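Me: I would like to go through this model with you step by step, asking about one feature at a time and hearing the reasoning behind each answer.

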Amino acid sequence: MRRLGSYLAVAGGVLLVGVGIVMLRLAPEAQGVLMVLAYVCIGVGCGAFGHGMGTILSRWAVKGHPDVQRQLAIEQTDERNVTITNRAKAKAFDIMLFVFGALMLSFALMEVALPAILLLVAAYLFVVGCQIYYISKYQREM
Amino acid sequence: MERKLYIEEGSDLENRLEQLRRERGITQDELAAALAVSRQTIGSLENGRYNPSILLAFKIARYFGKTIEEIFVYEEDAE
């Protein structure tokens, strides 16, 4: 199933890049949303292709090497590694809240368009809301 | 003085892991493979930089045929 997902990501990525290039070729004079959409297709396509191909290649590289596969599985599930990763994520989250705050303040002082600032505030509140939701969820589960 | 209700990472909890491993004559790599953890985890446990989960503590105790208390020693602060 995971393998199928990787191949689908590669195929979807190639398709999106193709669609983006075709859109640029067919309507080189396009303005606004249409032009942005073409570049978004190319960007997302490249991302999906790279992610899928990376997974396929890494799986291919360890194929026929059960020792390496086992070691990789251990490294991924090792409780110390998981703890370190989670602690790093938590630290990065704390920093991100400060960065978001500073960015909102900067945008407000720069008199950036109100919709952009409101989107940023909404994103900030959404992230904080997620944190509260998961605190509540884990309080009930643990 | 306020009594500690938790175990701080890398303090208070001591262990005899390195001593037991040496008595068995096995390397950190071999112990790590037997416990399905990374070698770095074994090194950190032996140095006292990392405290194991209760599951890993049980696995270690079972591997050496001892109780958790025989391997891990929690030194409570004197009031």
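Me: In which element does A:Val40 lie, and does A:Val40 count as buried, partly exposed or exposed?
Reply: In this predicted model, A:Val40 is placed in helix H2 of chain A. Its relative accessibility is 41%, and since the partly exposed class covers values between 20% and 50%, the class that applies to A:Val40 is partly exposed.

Me: Which residues make the nonpolar surface patch, and what is its area?
Reply: A:Val40 belongs to this patch together with A:Met35, A:Val36, A:Tyr39 and A:Val44. The area that these residues make up as a nonpolar surface patch is about 430 Å².

Me: Which element gives the most to the lining of the largest pocket?
Reply: The largest pocket has a volume of about 440 Å³, and 14 residues line it, with A:Thr55, A:Ser58, A:Arg59, A:Trp60 and A:Val62 lying nearest its centre. Two or more lining residues come from each of helix H1 (2–26), helix H2 (33–62) and helix H3 (66–77) of chain A. With six residues, the element that gives the most is H2(A).

Me: How many residues of the lining of the largest pocket are nonpolar, polar and charged?
Reply: The lining of the largest pocket is made up of 14 residues. Divided by type, these residues are six nonpolar, four polar and four charged.

Me: Where is A:Glu111 found, and what is its phi?
Reply: A:Glu111 is found in the loop that joins helix H4 (79–109) to helix H5 (114–141) of chain A, and at 69% relative accessibility it counts as exposed, because the cut-off for that class is over 50%. Its phi is positive although the residue is not a glycine, with a value near 55°.

Me: Which residue of the loop between helix H2 (28–35) and helix H3 (39–47) of chain B has a positive phi although it is not a glycine?
Reply: The residue in question sits in that loop of chain B and is partly exposed, with a relative accessible area of 34%. Its phi is about 60°, and the residue is B:Ala36.

Me: In what order do the elements of chain B run from the N terminus on?
Reply: Chain B holds five helices and two strands, and 38% of its 79 residues count as buried. Read from the N terminus on, the order is β-α-α-α-α-α-β.

Me: How far apart are the closest N and O atoms of A:Glu141 and A:Lys137?
Reply: Side chains of opposite charge can pair when their charged atoms come close. A:Glu141 and A:Lys137 are four residues apart in helix H5 of chain A, so about one helical turn separates them. A:Glu141 is exposed at 53% relative accessibility, whereas A:Lys137 is partly exposed at 24%. In their salt bridge, the distance between the closest N and O atoms is 3.0 Å.

Me: Which residue forms a salt bridge with B:Arg22?
Reply: The two residues of this pair both lie in helix H1 (residues 17–24) of chain B, four residues apart, or about one turn of the helix. B:Arg22 is exposed at 54% relative accessible area, while its partner is partly exposed at 31%. Joined to B:Arg22 at 2.8 Å, N to O, the partner is B:Glu18.

Me: Are B:Glu46 and B:Arg21 buried or exposed?
Reply: The side chains of B:Glu46 and B:Arg21 meet in a salt bridge at 2.5 Å, N to O. This pair links distant parts of the chain, with B:Glu46 in helix H3 and B:Arg21 in helix H1 of chain B, 25 residues apart. Both residues are buried.

How values were computed: Residues are numbered from 1 along each chain as its sequence is written. Chains are lettered from A and ligands numbered from 1 in the order in which they are written. This is a predicted model: local features need pLDDT of at least 70, side-chain atom pairs count only at pLDDT 80 or more; totals for chains, interfaces and linings use all residues. Side-chain values use heavy atoms; hydrogens and water are left out. On a 1 Å grid over the protein atoms alone, a cavity is a set of points where a 1.4 Å probe fits but cannot get out, and a pocket is an open set with protein on both sides within 12 Å along at least five of seven lines; lining residues have an atom within 4 Å of a point. Grid points are joined across faces, edges and corners, and a volume is the space filled by probe spheres set on the points. Ala, Val, Leu, Ile, Met, Phe, Trp, Tyr, Cys and Pro count as nonpolar, Asp, Glu, Lys and Arg as charged, and the others, Gly among them, as polar. Patches are made of residues with over 30% relative accessible area and no salt bridge: like charges are joined within 9 Å, nonpolar side chains (Val, Leu, Ile, Met, Phe, Trp, Tyr) within 5 Å. Accessible areas come from the Shrake-Rupley method with a 1.4 Å probe; for residues, only the protein chains shown count as cover. A salt bridge is a side-chain nitrogen of Lys or Arg within 4 Å of a carboxyl oxygen of Asp or Glu. Buried means under 20% relative accessible area, exposed over 50%, partly exposed in between (1.4 Å probe, protein chains only).
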